[in-house]
Amino acid sequence: MQLEPVQARHRQTNYMPAPLLDPPEVLPLPPWTAEVEEAKSHLSDYGMCVLTDALDTEEIERLRGALAIQADAERAMNTGGPPGAKANRQSVSNLVNKGREFLDLVEHELSDSLAGFMLGKNFLVSSITGNMYRAPLAEPQPMHRDQGYVPATVDFPAACNLMWCLDDFTPENGGTCVVPGSHRWHPDYQVKPPPRELTVQVCVPAGSVFAWEGRVWHGYGSNRTGEPRRSVITYYCLPWVRQQENWGISCLQEVLDEASPKLRQRLGLRTYGTLGGVSGARLTTNTKSYLGNYDFELPSHIIGEAGKLHQLRRVSKDD
């Protein structure tokens with residue numbers, strides 16, 4: 001029997017970038033849009049989009065307030081605080097445990113629309129990070145791709161970022177430097193960062209979502225004004241990619257207990273084929289097959305040597 005060849009392309013989504021730019025070309029920035037479908041077309045063409053009016057005034061103020069309280073608290077921890085808490089540009093990591101406001105962004109319909117477009121319906125939240133400037137910062141971030149851990153020959157996004165902008169982004173206050181269209185470059189140009197002279201800086205109005213896929217070269221710019229330029233970044237990945245934050249260790253038990261089915265899935269409490277299970281966990285669906293995608297409940301105990309039961313302990317607010 002003669003086998004019939006099938007084109008070997010990995011496609012779990014409807015996302016297809018525009019044709020290859022060979023030789024590499026830097027495209028102009030895409031225009032702002034308030035239309036989700038137009039934003040999706042910009043993601044295909046430019047590798048990025050700016051979707052305006054994603055957050056209303058009340059949501060912006062609520063996120064600003066929650067981020068400020070958390071940032072101040074971690075800054076006050078001194079030597080016990082996280083690395084970089086005293087830096088001019090302060091990052092607040094693992095926002096999964098630090099307020100419902102941040103979890104709401106994971107479940108936001110725009111996360112479903114934009115991240116789902118790029119990564120498919122089973123995408124995971126890899127990390128949630130808040131950023132704010134405390135003072136001017138002269139040194140820009142080195143140019144990088146957010147899926148640099150994936151071979152450059154992979155011709156699809158394995159990760160994406162949705163940056164929820166809580167202030168206006170301008171070239172003066174450190175707006176992100178990007179290379180539009182670089183997701184469409186030949187793999188040979190996706191290994192070494194391009195010269196910074198090829199980048200352009202985004203201007204984004206507060207309340208927008210600035211989204212880009214994992215193959216686009218980018219890095220935050222210099223903040224010459226010292227304005228806070230606050231944002232929350234939800235970083236998403238394919239369901240078979242290791243998450244940036246190790247939720248199995250760092251996610252509070254209360255967060256899992258109170259999570260909706262959608263949030264539980266985004267955090268990884270859903271199998272993906274044979275991936276993501278926990279020894280002894282029972283599926284919530286009666287099935288004899290373990291090749292599908294199923295919700296599961298964390299077991300109270302893990303079975304050890306000779307059938308001994310060991311309590312599955314998780315960090316809690318009471319610890």
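These exercises work through a predicted model, each with a stepwise solution.

**Exercise 1. Aromatic pairs**

Task: state how many aromatic pairs a search of the whole structure finds, then describe the pair of Tyr 15 and Phe 117 and the pair of Phe 123 and Tyr 236.

Solution.
- Step 1. Take the count. The search of the whole structure gives three aromatic pairs.
- Step 2. Choose the descriptors. A pair of aromatic rings is described by the distance of the centres and the angle of the planes.
- Step 3. Apply them to Tyr 15 and Phe 117. Their centres are 5.2 Å apart and their planes make 80°. Planes over 60 degrees apart count as edge-to-face, and this pair is edge-to-face.
- Step 4. Place the rings. Tyr 15 belongs to the segment before α1 (36-46), and Phe 117 to helix α4 (residues 109-119), so the pair ties together parts 102 residues apart in sequence.
- Step 5. Check burial, with the cut-off under 20% relative accessible area. Tyr 15 has 1% and is buried. Phe 117 has 15% and counts as buried.
- Step 6. Turn to Phe 123 and Tyr 236. This pair is edge-to-face, at 5.0 Å centre to centre and 70° between the planes.
- Step 7. Place these rings too. Phe 123 is in the loop between α4 and β3 (124-133), while Tyr 236 is in strand β9 (residues 231-237), so the pair ties together parts 113 residues apart in sequence. Both Phe 123 and Tyr 236 are buried.

**Exercise 2. Charges over rings**

Task: find which ring the charged end of Arg 266 sits over, and which ring that of Arg 145 sits over.

Solution.
- Step 1. Start from Arg 266. Its charged end sits over the ring of Phe 123, 3.7 Å from the ring centre.
- Step 2. Go on to Arg 145. Its charged end sits over the ring of Trp 217, 5.8 Å from the centre.

**Exercise 3. Nonpolar cores**

Task: identify the residues of the largest nonpolar core that touch the most other members, and the element that gives the most to this core.

Solution.
- Step 1. Size the core. It holds 55 residues.
- Step 2. Pick the best-connected members. Leu 114, Leu 162, Tyr 236 and Leu 267 touch the most other members.
- Step 3. Assign the element. α4 gives the most, with six residues.
- Step 4. Probe Leu 162. Leaving aside neighbours within four places in sequence, its contacts include Leu 110, Leu 114, Met 118, Phe 210 and Tyr 236.
- Step 5. Look for another core. A second, separate one has 19 residues, among them Leu 27, Val 50, Cys 165 and Phe 169.

**Exercise 4. Cysteines**

Task: count the disulfides, and explain why Cys 165 and Cys 177 are too far from the closest cysteine sulfur for a bond.

Solution.
- Step 1. Set the cut-off. The two sulfur atoms must lie within 2.5 Å.
- Step 2. Test Cys 165. Its closest cysteine sulfur is in Cys 49, 11 Å away, too far for a bond.
- Step 3. Test Cys 177. Its closest cysteine sulfur is in Cys 203, 11 Å away, again too far for a bond.
- Step 4. Give the total. The count is zero disulfides.
- Step 5. Add burial. Cys 165 is buried at 0% relative accessible area. Cys 177 counts as buried at 7%.

**Exercise 5. An open sheet**

Task: give the strand order of the open sheet, and name its edge strands.

Solution.
- Step 1. Write the order. Three strands run β6-β5-β8, with antiparallel pairing.
- Step 2. Find the edges. β6 (200-201) and β8 (218-219) each pair on one side only.
- Step 3. Inspect one pairing. Two bridges join β5 (residues 177-178) to β8. Val 178 stands opposite His 218 in β8.

Terms used. Residues numbered from 1 in each chain as written. Predicted model: local features only at pLDDT ≥ 70, side-chain atom pairs only at ≥ 80, totals over all residues. Heavy atoms only, no water. Pairing = 2+ DSSP bridges. Helix = DSSP H or I, 4+ residues; strand = E, 2+ residues; numbered from the N terminus. Phe/Tyr/Trp six-rings, centres within 6.5 Å; stacked < 30°, edge-to-face > 60°. Buried < 20%, exposed > 50% of the residue type's maximum accessible area, 1.4 Å probe, protein only. Lys NZ or Arg CZ within 6 Å of the ring centre and 35° of its normal. Core = buried A, V, L, I, M, F, W, Y, C linked by side-chain atoms within 4.5 Å. Contact = heavy atoms within 4.5 Å.
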